[in-house]
Amino acid sequence: PAFATVSGAASAVDLVASVEAALSLEGATRGVSVQALLTPVDRQDDEVTDVRVDPQTALVNVPVERITSRKRVPEVAQMEGSVAPSSTIAQISIVPTTVEIEGEPSVLERVDAIQTLPVDISGAESDVQREVSFDVPDGVVIRTEQGIPQVVVVVEPLEDTITVQAAVVLTNLGTGLQAIADQPFSQIVVSGPTKLLQELRGGDILAEVDLRNRSSGLHQIRS
């Protein structure tokens, strides 16, 4: 009840300034509801004896809320697996880049970033794009209106350089002329995606020598 009746000798009743309900909130982490004993007290908050209080107890409800704080931290995309051996990760991006989190100050002090759930890139040879949820630590609440993070992993072919032996091919020789190359093969340095280089076969690369407008004689030509 909001009020209680105090009865007894007039001199004692006149001393009563209020009726208090004492209860302990030690260790409480949520709202407390308890039937507490009502105690009459004077203006100095001392108990007044020789009076009766009706009712003797009252149901007391005390809301208890945790003290929390907020802060903004970076979002970090977490990877799982490896891209194809012939590929490499060129860039990893995430949108949005930051997120606001809430929790007890002691908990937030230990959180420098929020990771996403793992993005599987196993065997990837091209870009990977995923929407993934957060991997939220205990005691932390995500406060965002920006939706689920979007992660983009840019995957590019792994570059390499090899030396191949290319057959020398003479082209555009004038009518009535014959030509012989002093070296039938030439060493060629080729750069490009590792996978394509591994697929090169003999004859895929030729060293063509253009003999257009060449007369008879000995010629030194860069191919």
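**Exercise 1.** In this predicted model, classify R70 by its relative accessibility, and then do likewise for E100, its salt-bridge partner.

*Solution.* R70 has a relative accessibility of 47% and therefore counts as partly exposed. E100, at 24% relative accessibility, counts as partly exposed, because that class lies between the limits of 20% and 50%. The side chains of these two residues meet in a salt bridge, with N to O at 3.5 Å, and the pair links distant parts of the chain, since R70 belongs to strand β6 and E100 to strand β9, 30 residues apart.

**Exercise 2.** Determine which strands the salt bridge between R143 and E102 connects, and decide whether each residue is buried or partly exposed.

*Solution.* The side chains of R143 and E102 meet at 2.6 Å, N to O. R143 lies in strand β14 and E102 in strand β9, so the contact ties together parts that are 41 residues apart in sequence. With a relative accessible area of 36%, R143 is partly exposed, whereas E102, at 14%, counts as buried. Together with R70 and E100, these residues are linked in a network of salt bridges.

**Exercise 3.** Place strands β6, β9 and β14 within their sheet, and state how β6 runs relative to β9.

*Solution.* The open sheet has five strands in the order β13-β10-β6-β9-β14, with mixed pairing. Strands β13 (134-135) and β14 (140-143) stand at the edges, each with a single partner strand, so one side of each is left without a neighbour in the sheet. Strands β6 (residues 69-76) and β9 (residues 98-103) run antiparallel and are joined by six bridges; S69 stands opposite G103 in β9.

Technical notes
Residues are numbered from 1 along each chain as its sequence is written. This is a predicted model: local features need pLDDT of at least 70, side-chain atom pairs count only at pLDDT 80 or more; totals for chains, interfaces and linings use all residues. Side-chain values use heavy atoms; hydrogens and water are left out. Two strands pair if DSSP finds at least two bridges between them. Helices (H or I, at least four residues) and strands (E, at least two) are DSSP runs, numbered from the N terminus. A salt bridge is a side-chain nitrogen of Lys or Arg within 4 Å of a carboxyl oxygen of Asp or Glu. Buried means under 20% relative accessible area, exposed over 50%, partly exposed in between (1.4 Å probe, protein chains only).
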